[in-house]
Amino acid sequence: MTTPYEIRQGTSPVILGFPHTGTDVPPEIADRLNDNGRILADTDWHIHRLYDGLLDNVTVVRATFHRYVIDANRDPQGVSLYPGQNTTGLIPQTDFDGKAIWKEGAAPDEADIAARLRDFHAPYHTALAAEIERVKAIHGVAILYDCHSIRSHIPFLFEGKLPDFNIGTDMGKTCDSAIEQATLTVVAAAEGYDGVLNGRFKGGWTTRHYGRPDTGVHAIQMELAQSTHLQTETAPFAYDAAKADRLRVHLKNILVRIEQIAPGLKR
């Protein structure tokens, strides 16, 4: 079985998390997906490439498995992140458009959930937690920046067009306000882009679980509209280098500013 995560250790106080860029699906699970599911449309396409090289000595923790195997950014107990709103669960039953992804009668059951928690979800989070503790031991503080993307138009999940930058801090609970403000400042100054703080996406389970500012661990989620860096938001979901290069300037500014703030956050 492929290792469920990749790690690149660095010495920066910033850690980049990538729970949704993986596309590995074990054959026995892939066989249960229907034709729609096999498209893997809900991948955070090319996000690890988008952030590559933006911050020197940054630590990277990336899930290699696809979110249809199990979603690394969902509560392992299955608790909804957005009660009362359409969303996808720990092991999605549908794609982001509400369409089935599993063959008739092949949807995962409780035994599948338990096995995938053990084999994929738990190892990824064990690795991420260990890197947070390692970085915190170096600096006295750790800042987890969780990297995401999603299509800009998904009527099943939200109305209209999603802003380009969607910053999530669970209404300010998961990080110091200085991190939030620094990110907002860069976004507000990014010509040709728009953004929102704690709009439709307020931070997934990863951000909410690890973001404990009173312990010296801060977390912030960035959900990017895929229109900012893809040629099209449909298959084959190709990377648009020109778009990406424009966007990377602003992402780099965000990460550099967050890193600069870190020393002042020590408890």
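**Rings, helices and burial in a predicted model**

Analyst: Tyr51 and Tyr145 are both buried in this structure. The model is predicted.

User: How many aromatic pairs does the structure hold?

Analyst: There are six aromatic pairs. In one of them, Tyr51 meets Tyr145 edge-to-face.

User: What makes the pair of Tyr51 and Tyr145 edge-to-face?

Analyst: Two values decide. The ring centres are 5.6 Å apart, and pairing asks for centres within 6.5 Å. The planes stand at 65 degrees. Edge-to-face needs an angle over 60 degrees, so the label holds.

User: Which parts of the chain does the pair of Tyr51 and Tyr145 link?

Analyst: Distant ones. Tyr51 sits in helix α2 (residues 47–51), and Tyr145 in strand β4 (residues 142–150). In sequence they are 94 residues apart.

User: What makes Phe165 and Tyr193 an edge-to-face pair?

Analyst: The centre-to-centre distance for Phe165 and Tyr193 is 5.6 Å, with 65 degrees between the planes. The limits are within 6.5 Å for pairing and over 60 degrees for edge-to-face. Phe165 and Tyr193 satisfy both, so the pair is edge-to-face.

User: Why does the pair of Phe165 and Tyr193 tie together parts that are apart in sequence?

Analyst: Phe165 belongs to strand β5 (residues 165–168). Tyr193 belongs to the loop between α4 and β6 (195–197). The two parts are 28 residues apart in sequence, so the pair ties them together.

User: Why are Phe165 and Tyr193 called buried?

Analyst: Buried means under 20% relative accessible area. Phe165 has 0%, so it is buried. Tyr193 has 19%, so it is buried too.

User: Which residues do ring pairs link into a cluster?

Analyst: The cluster holds Phe18, Tyr51 and Tyr145.

User: How do you know that Ile167 is buried?

Analyst: Its relative accessible area is 0%. The cut-off is under 20%, so Ile167 counts as buried. Ile167 is part of strand β5. Beyond its neighbours within four places in sequence, its contacts include Thr183, Leu184, Val187, Phe201 and Met222.

User: How far is Ile167 from Glu6, in sequence and in space?

Analyst: Ile167 and Glu6 are 161 residues apart in sequence. Their C-alpha atoms are 25 Å apart in space.

User: What makes α4 roughly antiparallel to α6?

Analyst: The axes of α4 (residues 177–189) and α6 (residues 241–261) cross at roughly 155 degrees, and come within 9 Å. Angles over 145 degrees count as roughly antiparallel, so α4 is roughly antiparallel to α6. The crossing is right-handed.

User: Which residues make the contact of α4 and α6?

Analyst: On α4 they are Ala178, Ile179, Ala182, Thr183, Thr185, Val186 and Val187. On α6 they are His250, Asn253, Ile254, Arg257, Ile258 and Ile261. By class, eight are nonpolar, four polar and one charged.

User: Why does His121 count as buried?

Analyst: His121 has 3% relative accessibility. That is under 20%, so His121 is buried. The residue lies in helix α3 (residues 110–139). Leaving out residues up to four places away in sequence, His121 touches Phe65, Ile70, Arg74, Leu90 and Trp205, among others.

User: Why is Ala115 called partly exposed?

Analyst: Ala115 has 23% relative accessibility. Buried is under 20% and exposed is over 50%, so Ala115 falls in between. Ala115 also lies in helix α3. Its C-alpha is separated by 10.0 Å from that of Ile70, 45 residues apart along the chain.

User: Is Met171 buried or exposed, and how do you know?

Analyst: Met171 is exposed. Its relative accessibility is 55%, and exposed means over 50%, so the value clears the cut-off. Met171 lies in the loop between β5 and α4. Its phi is positive, about 60 degrees, although Met171 is not a glycine.

User: Is Phe237 buried or exposed, and what value shows it?

Analyst: Phe237 is buried. Its relative accessible area is 4%, and the limit is under 20%, so the call follows. Phe237 is in the loop between β7 and α6. Phe237 has a positive phi of about 55 degrees, although it is not a glycine.

User: Which residues does the cis peptide bond join?

Analyst: The bond joins Ala235 and Pro236, with omega about 10 degrees. Pro236 is in the loop between β7 (217–225) and α6.

Terms used: Residues numbered from 1 in each chain as written. Predicted model: local features only at pLDDT ≥ 70, side-chain atom pairs only at ≥ 80, totals over all residues. Heavy atoms only, no water. Axes fitted to C-alpha atoms, helices over the stretch in contact; angles between N-to-C directions. Helix = DSSP H or I, 4+ residues; strand = E, 2+ residues; numbered from the N terminus. Parallel < 35°, antiparallel > 145°, perpendicular 65-115°, else oblique. Left-handed = near helix turned anticlockwise from the far one by under 90°. Contact = heavy atoms within 4.5 Å. Nonpolar A, V, L, I, M, F, W, Y, C, P; charged D, E, K, R; others polar. Buried < 20%, exposed > 50% of the residue type's maximum accessible area, 1.4 Å probe, protein only. Phe/Tyr/Trp six-rings, centres within 6.5 Å; stacked < 30°, edge-to-face > 60°.
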